[in-house]
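Tutor: Let's explore a structure together, one question at a time. Take a look at it first.

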Amino acid sequence: MIEDLIDLVRDKNERDAIYMIYVPKNVGDLIPGMEVYVGPVPDFDEDDNEVVPDSVTKKNLEFGYMREHFQDVVDLAYKQKPNASKEEIIRCLNHYAQYDDFLDLQ
């Protein structure tokens with residue numbers, strides 16, 4: 001679930017791992033309790049076209065977040081508000097996804 005991934009990132013686990021975060025297709029915003037998939041980054045073919053991993057397409061998922069962006073949003077949110085709720089963190093992630101800008105928590 002999204003909350004589990006937020007906890008891992010908050011606790012600074014797996015910081016050097018290379019992964020992408022995938023979400024169900026055509027869902028839009030993250031919501032509490034949503035299942036997300038942490039998987040490999042796409043490859044590129046000889047024509048420089050992105051090739052999404054089979055494990056992602058079989059699960060009918062699409063790109064959600066790059067690891068670095070997800071970590072940056074979670075880190076900043078908890079720096080601004082150490083006791084932020086998971087719902088607040090999810091709101092920050094959705095804001096970043098929509099506006100490419102960080103939401104200020106107070």
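Student: Okay, I'm starting with H3. What covers the buried residues of H3?

Tutor: Quick background: this is a predicted model, in which local features need pLDDT of at least 70 and side-chain atom pairs count only at pLDDT 80 or more, while totals for chains, interfaces and linings use all residues. Residues are numbered from 1 along each chain as its sequence is written, and side-chain values use heavy atoms, with hydrogens and water left out. Helices (H or I, at least four residues) and strands (E, at least two) are DSSP runs numbered from the N terminus. Going by contact (heavy atoms within 4.5 Å), the cover over H3's buried residues includes helix H1 (2-10), E1, E5 and H4.

Student: How wide an arc do the buried residues of H3 cover around the axis?

Tutor: Buried means under 20% relative accessible area, with over 50% being exposed and in between partly exposed (1.4 Å probe, protein chains only). In H3 that label goes to Arg 67, Phe 70, Gln 71, Val 73, Val 74, Ala 77 and Tyr 78. They sit on the same side of H3, because their arc, taken from the directions from the helix axis to the C-beta atoms, is only 165°.

Student: And how wide is that arc in H1?

Tutor: The buried residues of H1 are Ile 2, Glu 3, Leu 5, Ile 6 and Val 9. They're on the same side of H1, because the arc they cover around the axis is only 160°. Here's the general idea: an α-helix has 3.6 residues a turn, so residues three or four places apart point the same way. So the arc to remember for H1 is 160°.

Student: How far apart are the end C-alpha atoms of H3?

Tutor: The expected span of a helix is 1.5 Å times one less than its number of residues. H3 (residues 67-80) has 14 residues, so it should span 20 Å. The model agrees, with its end C-alpha atoms apart by 20 Å.

Student: Is Thr 57 buried or partly exposed?

Tutor: You'll find Thr 57 in helix H2 (residues 54-58). Its relative accessible area is 45%, so Thr 57 counts as partly exposed.

Student: Which element gives the largest share of the lining of the largest pocket?

Tutor: E1 (20-24), E5 (61-66) and H4 (86-99) each supply at least two of the lining residues. With four residues, the largest share comes from E5.
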